[in-house]
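Could you walk me through this model, stop by stop? I have the viewer open and would like to know what to select next and what is there.

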Amino acid sequence: MDDLPLTPKPLPAPAPPETPLDAGSQALAEALRSSFVIIKFVMLVLVAVFLASGFFTVGPQQQAIILRFGRPVAQGQQALLGPGLHWSFPYPIDEPVIVSISGLQQVQSSVGWYATTREQELAGTEPPVPFGTPMNPVVDGYAITADANIVHVRATLTYHISDPIGYIFDFVNASNAVQNALDDALLYAASRFKIDDLLVRDVLGFKDAVRKRVSELIQERQLGVTVEACDVGSKAPRQLQAAFQSVLDAELRRSKVIAQARGYEIQTTNKAGAEATSRIKLAESERARFVDDISSRAKQFQDLLPKYKENPSLFAEQRLAYTLGNVMTNVQDKIFLPEKPQELRLQLNRPPAKPTTEESP
Amino acid sequence: MKRNLFTLSIGLLLFLIFGLLLFVFQVRQSEVAVVTTFGKPTRPITEAGRHYKWPWPIQKVYKFDKRIQNFEDRLTEGLTKDSFNLLTSVYVGWQITDPAAFFPKFAGSLNSISEAERKLEERLGNLKSAIVGQHALSDFVSTSDNAASLLGIEHEMLEAIQAQITTNNWGLEVRFLGIKKLQLPESVSKTVFDRMQAERKVLSDTSQSEGEAEAAKIHSEADRKAAVMLSDADSQATQIRAKGEAQAAESLAVFQQDPELAKFIFQLDALKDSLKDHSTLIFDANTPPFGLLHGVSTNLLKK
């Protein structure tokens, strides 16, 4: 008990009195706390969703352009995003535009050709159209040529997109605009060519005219494409196939006749050339022979002159006799008339005498 | 404190996002827009980019595609100045250029683009007939480069439709126009076929006769060339021979020493040459040396 202090220990300060809460307040506080947690979570999710909505994929045959507040973020080819996963700021800041513009594009003309199917065309089973069948303007396409004839024409244009921004953002359907330009060019070129030039005589010129015109239109209208190739086809109306074929046949016959004439010309001139050369060569050889002959005679004359001068008459007799002797040897028929006959008959061109045999009478 | 800052940032970000969505809108490069305030168009927008507005229901934004639309009208028949029936169809590339003018006229319909094209087609039908009637068929199809060619006619049509659009203030612009189809009525095509067949017949006949004429010309030309070549050759041959004779004449001086002997030798040579082959010689006893046979009985005498 001695160890007991004399003064009592100070008592600890009493805890502040807690505000008495009823059960309802406690539940509300708990609910608010939970709600804040949920709201924070939702906010986080919303932000995450917002940011994640900026991801987009570009397919293998596609390309994409990002618009920032409506405008492309880059120009030309730099604006294009290739296949793969990409991210941009979500709308309303950025907006990706995905388009199929990879590689070469192709359009076919939609006017100028008759109604047919590719299968029929490839199989060659298009039904024949008899002469006199009129053209139905709604079904059968054709063009009118410069000489007011009817012809079928068509074209296939291959191009690549050189200005993707213009191609996508300036035209609702740029490939349709390219097709319209092709149709226009086809019709225009056909209207500038006569049917025979278009079909036969100047096929390349017609093709060039179509390509030139479609390129001009594409340039003028700033379609953002570059022409790679332009295949053009043309055909006479099926109603007149036989008539056109007859002209082609006549042209072939004409060519054949002219070719034969050219052959005759070559043969004749070659022959005449050879004959002319031969005549000139003959003349040259005759000239040479004649000159040689005269020269040799002159030499002979020089040799004989001294002997002749010794005794001219004897020399002459001797030479004459010698010559006659030689001549007589070569003469086939020799007829000697000892007396002057009153009449002499000679049978010219008589048949040769038959050889006689010993047995013959 | 850190947790509160983070929460505050997230909240601010969300506030910004919602603010952007409510007050900001973007107009694409391919669009034009009109902002209406309580339904009345108050602000046309033709520039792409970021724009602001009061939230609905105070202001509302109407966007239109300002890209060039492709439109093709139907085939319509017209009579040319030289009384040919022609069917024409054109395509036009048009776009909305003034959304404030376009909005009140076309935005009321379900599809403003289709409505605009319907009106365009109405106008095109009338003006095509009028312009076709001002031109002859040869203005549409011709090889010559005159001013009234197909291109000129297209240009006339473009100017005419643009003038009408401007007058009516549709808020559109036709950027280009081209003739897509140029055809003949069905009955006329049959007549054209008849003419074409007759032309083919003429061409076929002409081709054949031309071929024959050309061949005959080539034949005669070949014969003429051959005759000329031979004639030239003969001429050359004559000249060559003349040269030979001139050369031979140089030897005449030798014979001048005794013309009698020369003459005798020439005669002997001529005699030899003339009696070379298949010759028949008739002579009598006066011909030397057959005078030696004078008085001798012969086979003739025997007879």
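pLDDT is the predictor's confidence in each residue, on a scale from 0 to 100. You will want it in mind from the start, as this is a predicted model.

**Stop 1: colour chain A by confidence**

Chain A has an average pLDDT of 84, and 88% of its residues score at least 70. Now select helix α6 of chain A, residues 203-221: confidence in chain A is highest here, at 95. For the other extreme, go to β10(A), where confidence is lowest, at a mean of 77. Then look at residues 1-9 of chain A, a stretch with pLDDT below 50. Beyond near neighbours in sequence, residues 1-9 have 0 contacts in the model.

**Stop 2: the open sheet of chain A**

Select β3, β2 and β5 of chain A. These 3 strands form an open sheet in the order β3-β2-β5, with antiparallel pairing. Its edge strands are β3 (71-72) and β5 (94-99), each of which pairs on one side only. Zoom in on β2(A), residues 63-68: 6 bridges join this strand to β5(A), and the two run antiparallel. To find your place in the ladder, pick A:I66, which stands opposite A:P96 in β5(A).

**Stop 3: the open sheet of chain B**

Jump to chain B and select its β3, β2 and β5. Here, 3 strands make an open sheet in the order β3-β2-β5, and the pairing is antiparallel. Because β3 (40-45) and β5 (59-65) of chain B stand at the edges with a single partner strand each, one side of each has no neighbour in the sheet. Neighbouring strands of this sheet are turned against each other by 25° on average, direction ignored. Strand β2 of chain B, residues 31-37, pairs with β3(B) over 5 bridges in the antiparallel sense. Label B:T37 and you will see B:K40 of β3(B) opposite.

**Stop 4: a helix pair within chain B**

Stay in chain B and show helix α3 (residues 112-132) with helix α5 (residues 150-168). Their axes come within 10 Å and cross at roughly 140°, which makes α3(B) oblique to α5(B). The crossing of these two helices is right-handed. Show side chains for the contact: α3(B) brings B:R123, B:L124, B:L127, B:K128 and B:I131, while α5(B) brings B:I153, B:E156, B:M157, B:A160, B:I161 and B:Q164. By class, this contact has 7 nonpolar, 1 polar and 3 charged residues.

**Stop 5: where the chains meet**

Bring both chains back into view. The contact takes 100 residues from chain A and 106 residues from chain B. On chain A, the elements that each supply at least two residues to this side include α1 (23-52), α4 (174-191), α7 (241-310) and α8 (312-330). Which of the elements gives the most to the side of chain A that touches chain B? It is α7(A), with 39 residues. That side of chain A has 56 nonpolar, 21 polar and 23 charged residues.

Keep α7(A) selected and add helix α6 of chain B, residues 186-249. The two pack at an angle of about 5°, their axes 8 Å apart, so α7(A) is roughly parallel to α6(B). The residues of this helix contact divide into 27 nonpolar, 14 polar and 21 charged.

**Last stop: strands paired across the chains**

Finish with β10(A) and strand β10 of chain B, residues 280-284. These strands run parallel and are joined by 5 bridges. Pick A:K334, and B:L281 in β10(B) stands opposite.

Terms used. Residues numbered from 1 in each chain as written. Chains lettered and ligands numbered in written order. Predicted model: local features only at pLDDT ≥ 70, side-chain atom pairs only at ≥ 80, totals over all residues. Axes fitted to C-alpha atoms, helices over the stretch in contact; angles between N-to-C directions. Helix = DSSP H or I, 4+ residues; strand = E, 2+ residues; numbered from the N terminus. Parallel < 35°, antiparallel > 145°, perpendicular 65-115°, else oblique. Left-handed = near helix turned anticlockwise from the far one by under 90°. Contact = placed C-beta atoms within 7 Å. Nonpolar A, V, L, I, M, F, W, Y, C, P; charged D, E, K, R; others polar. Pairing = 2+ DSSP bridges.
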